[in-house]
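Let's sit down together and learn to read a few features, one at a time. Bring your questions.

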Amino acid sequence: MRFAMAIALLALVAPLPAVADPAIPPLTGRLVDAAHVLDDWTRNQIEGELASFETSSGIQLVVVTLPDLGGDTIEDWGLALGRGWGIGQKGKNNGVLLIVAPKDHKLRIEVGYGLEGEMPDATANGIVNNIIVPRFRSGDIPGGIGAGVDAIIVGLGGKVEGVTAPAQTSPNNSSVTPFLKGFLPFIIFIAVIIMINRRRRGGGRWGSVYPYMGGGFGRGGFSSSSGFSGGGGFSGGGGSFGGGGASGGW
Amino acid sequence: MRIFRSLHLPRMARAIAGLVLLSLTLPLIASCGVNSIPTYEEQARAAWAQVLNQYQRRTDLIPNLVATVKGAANFESKTLQAVVEARAKVGQMQLPADVLTNPQAMQAFEQNQAGLTSALSRLLVVSEQYPELKANANYQTLQAQLEGTENRIAVARRDYIDAVRLYNTELRTFPGRWWAWLLYPDAKEMAQFTIDDRAAAVPAVNFNTP
């Protein structure tokens, strides 16, 4: 009888689906361009933004492009990458991933446990569908990723200076117009984020991110002051994820 | 203690020897897994609490969703009704205290939640047919929250499955088995999820029949 019960138990447990754990690429920096869709200029620009955002806020924001989802969902990848790399600080769980799979036309913003209040699903969804997807649809993958990173940073209370276009240095044009041109996308992002957020709950979020701005976290090691170079020595802080965020496709 | 008595040591020395012996053996005992069972049990219970938490979060979203969808002109009432009924079923369910070690109760719980899962995803699929609803900002927010919650449920279930697998394995294998027999006679294996949430969630929708 006992033996039969043991067999029955084994039979019950054995066929459970194994946890989907895609073979995750090595974490080579804050930007892992495994699908090779970004040029050097964009890569440096984004890496610099990610590094200075982490220095100012303590939040680890990592961008990944994947060559292939390998049959798993982008949600599976988000969880496997976030937990596998341990993005975000241990205990604070303040990591965010922007995952793009150009071949599968899928993307996702994966939000760590500790940031689900600052970046609710609806906000992440707004960034995915209103800011990134339209650019991806028109074939502008680097532009979409750049704009998405800006929007995530602004949404989490960070600051974004001197925005995207490579041809931003035009010294002979000394009027106000290029200045405005450069900042227009930035202003639009803020407006969109505020609008999305107003709709969800009655504002008051800008104050709530300030605790993150104070710095003074124990973890050194990865936030070196230079930070513009290819992410040398960057590693996850041991943060965890619970499936927050939003996905989209184009 | 008989050993010490036979050595004719003074009381004090005996007590000290006993303490030394205890302090030497305690870490040994701890390192060979005497704490594993309660530790794993706590982890599994925490994972279960997270599962309940996420399901509750979903349940809480539904009244808002139903109200928003109702606002859309002549929304298919059958689909809406199915969601309302499935939610009521989940709400009425009384979880027994021993649900974790009671496979029948666990299965009933799962069945009700799976019913709600498929009713909800059907609602989302049907909503695709209503452009004005899709353009509604309130609906978009709710949809994003609902999708996020479904994903969190999937993660919480996965974590629970892993935690229970660890705990049940500890109870069944050496040395956990012996420790359970010796110290934790009440420890019982926990019920696993038997229904695949994602498989249960795939809705069959036929737009041709009214």
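**Reading a sheet and a surface patch**

Q: Before we start, is M12(B) buried or exposed?

A: Keep in mind that we are looking at a predicted model. M12(B) has 62% relative accessibility, and the cut-off for exposed is over 50%, so M12(B) counts as exposed.

Q: Where does M12(B) sit, and which residues form a nonpolar patch with M12(B)?

A: M12(B) belongs to helix 2 of chain B, which spans residues 11-34. On the surface, M12(B) joins I16(B), V20(B) and L24(B) in a nonpolar patch, and together they offer about 420 Å² of accessible area.

Q: Now to the sheet in chain A: what is the order of the strands?

A: The general idea comes first. Strands of a sheet pair through backbone hydrogen bonds, and the pairing can be parallel or antiparallel. In chain A, 5 strands make an open sheet with the order 1-2-3-4-5 and mixed pairing. Strand 1 (31-33) and strand 5 (241-249) of chain A are the edge strands, each pairing on one side only. On average, neighbouring strands of this sheet are turned by 10 degrees against each other, ignoring direction.

Q: How many bridges join strand 4 to strand 5 of chain A?

A: There are 7 bridges between strand 4 (residues 106-112) and strand 5 of chain A, and the two run antiparallel. For one of the residues involved, K106(A), the bridge partner in strand 5 of chain A is G249(A).

Q: Which strands does helix 5 of chain A lie across?

A: Helix 5 (residues 141-155) of chain A lies across strand 2, strand 3 and strand 4 of chain A, at about 160 degrees to strand 2 of chain A.

Methods
Residues are numbered from 1 along each chain as its sequence is written. Chains are lettered from A and ligands numbered from 1 in the order in which they are written. This is a predicted model: local features need pLDDT of at least 70, side-chain atom pairs count only at pLDDT 80 or more; totals for chains, interfaces and linings use all residues. Side-chain values use heavy atoms; hydrogens and water are left out. Patches are made of residues with over 30% relative accessible area and no salt bridge: like charges are joined within 9 Å, nonpolar side chains (Val, Leu, Ile, Met, Phe, Trp, Tyr) within 5 Å. Accessible areas come from the Shrake-Rupley method with a 1.4 Å probe; for residues, only the protein chains shown count as cover. A salt bridge is a side-chain nitrogen of Lys or Arg within 4 Å of a carboxyl oxygen of Asp or Glu. Helices (H or I, at least four residues) and strands (E, at least two) are DSSP runs, numbered from the N terminus. Buried means under 20% relative accessible area, exposed over 50%, partly exposed in between (1.4 Å probe, protein chains only). Two strands pair if DSSP finds at least two bridges between them. Axes are lines fitted to C-alpha atoms, for helices over the stretch in contact, and angles run from 0 to 180 degrees between N-to-C directions. Contact means heavy atoms within 4.5 Å.
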